[in-house]
Structures are given as C-alpha cells and as structure tokens.
Amino acid sequence: MTTLIEESSWGDAPGGLLASWATDDVTHVGPEVDRSSYPDAARCYLADGRGVAWNPSGTNGFRLAVDAELIDQRIPASVVRRARLVEPVEPLDFWRRWTQAEVLAKLLDVPILMWVREHGLDVPDLAGESIALRTVAHDDLVLTYGLRAGA
C-alpha cells in the first residue's frame, strides 16, 4: 500500500506529471534490482539488501532520481549530528527528510555528504530550478521520487 506523505515543486516543474509517473506499476522493490536488471531505471539500495528501481516511460527531457529507506531502521547518531538535528528524532520525519535530501543531491549532482554539510536535511532556496518531489510511504519504506526538467 502506498500513502502520500508530501509533494513539493519549484519553478515550472510539472508536479502533476511526476505524480502520474511515481506509481507502483513502474516502481520495483526486491533483491533482484541492480544495474544489469534495470539498466535504464533510477535506482537506490536498501539496508536489507533489496534495491528499488523506478522506470517510467516517456521521460525525455527530465532527469529522474529516487531514494528509499526502511521506515523502521535505526537512525545513525552520526547522521543526526551531521544534519544538525536535535534528538529524539521521529523516524518517519527523519527518513522523509533524508530521502528528499538524497534525491535533491542526485538531481543537482551534489554528493550527499556535501549536501548534508551545506544544508543539513533542510531544503534550500531552489529558485531558478525546475524540480518536483513526491514522497510516499510504500509498505515498509519511505520513498522519494524526483524529477528535474531540462536536465
């Protein structure tokens, strides 16, 4: 089951288009997900060994990124410190913010540790960018999809 957590967009990014692409039928979660099984998909990997592949069609002119985390996994204290957060941290909120930061970093070609050092898990001013994010709870995951227009 998939439940919407949050949608955000900046510039003229088509959030409605992202919503139509970010669907269960083009999102694959399992141990078989890797570069060879889904070569054209946006992918990420989970702490339990599964992978996530997102492979919508008709995405020419858009850069895609996806990130997912296990809702119930332990939140590393080192990441909480790097992100300048105050404990206790609520897991669903933390993983929502983390997956959004990961997707933004991927879309903007910034290594995630540099992103966290610069912005923490906050979303900076993205004026001038054309980006849309969609974050959902999907079974045991927090999953963020993102697109960047013209990339």
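# Worked exercises on a predicted model

W98 has a relative accessibility of 10% and counts as buried. Keep that residue in mind, since the exercises come back to it. Please remember throughout that this is a predicted model.

## Exercise 1: An aromatic pair in helix 3

Task: Classify the ring pair formed by F94 and W98, and say whether each residue is buried or exposed.

Solution.

Step 1. Start with the geometry. A pair of aromatic rings is described by the distance of the centres and the angle of the planes. For F94 and W98 the centres are 6.4 Å apart, with 15° between the planes.

Step 2. Apply the cut-offs: centres must lie within 6.5 Å, and planes under 30 degrees apart count as stacked. The F94 and W98 pair is therefore stacked.

Step 3. Place the two residues. Both belong to helix 3, and they are 4 residues apart, about one turn of the helix.

Step 4. Check the accessibility. Buried means under 20% relative accessible area. F94 has 1%, so F94 is buried, and W98 at 10% is buried as well.

Step 5. Look for further rings. F94 and W98 form one aromatic cluster together with W95.

## Exercise 2: A pair across the chain

Task: How many aromatic pairs does the whole structure hold, and which kind is the one between W54 and Y145?

Solution.

Step 1. Searching the whole structure gives 4 aromatic pairs.

Step 2. For W54 and Y145, the centre-to-centre distance is 4.8 Å and the angle between the planes is 65°, an edge-to-face pair.

Step 3. Now the positions: W54 sits in strand 4 and Y145 in strand 7, 91 residues apart, and the pair links these distant parts of the chain. Both W54 and Y145 are buried.

## Exercise 3: The sheet around strand 4

Task: In what order do the 3 strands of the open sheet stand, and which of them are at the edges?

Solution.

Step 1. The order is 2-4-3, with antiparallel pairing.

Step 2. Strand 2 (27-30) and strand 3 (42-45) each have a single partner strand, so one side of each lacks a neighbour in the sheet and these two are the edges. From one strand to the next, the twist averages 15°.

Step 3. Zoom in on one pairing. Strand 3 and strand 4 (residues 51-54) are joined by 4 bridges, and A42 stands opposite W54 of strand 4.

## Exercise 4: Two nonpolar cores

Task: Which residues have the most contacts inside the largest nonpolar core, and where does its largest share come from?

Solution.

Step 1. This core has 25 residues, and F94, W98, I112, W115, L121 and I131 have the most contacts inside it.

Step 2. At least two residues each come from helix 2, helix 3, helix 4 (112-119) and strand 6. Helix 3 gives the largest share, 8 residues.

Step 3. Take W115 as an example. Leaving aside residues up to four places away in sequence, W115 touches several residues, including A101, L104, L108 and P124.

Step 4. A second, separate core has 19 residues, among them A42, L46, L70 and L147.

## Exercise 5: Positive phi

Task: Where do R84 and D139 lie, and are they buried or exposed?

Solution.

Step 1. R84 has a phi near 60°, and D139 has one of about 55°; neither residue is a glycine.

Step 2. R84 belongs to the loop between helix 2 (77-82) and helix 3 (91-107), while D139 is in the loop between strand 6 (131-138) and strand 7 (141-149).

Step 3. Exposed means over 50% relative accessible area. R84 reaches 51% and is exposed; D139, at 54%, is exposed too.

Technical notes: Residues numbered from 1 in each chain as written. Predicted model: local features only at pLDDT ≥ 70, side-chain atom pairs only at ≥ 80, totals over all residues. Heavy atoms only, no water. Buried < 20%, exposed > 50% of the residue type's maximum accessible area, 1.4 Å probe, protein only. Pairing = 2+ DSSP bridges. Axes fitted to C-alpha atoms, helices over the stretch in contact; angles between N-to-C directions. Phe/Tyr/Trp six-rings, centres within 6.5 Å; stacked < 30°, edge-to-face > 60°. Core = buried A, V, L, I, M, F, W, Y, C linked by side-chain atoms within 4.5 Å. Contact = heavy atoms within 4.5 Å.
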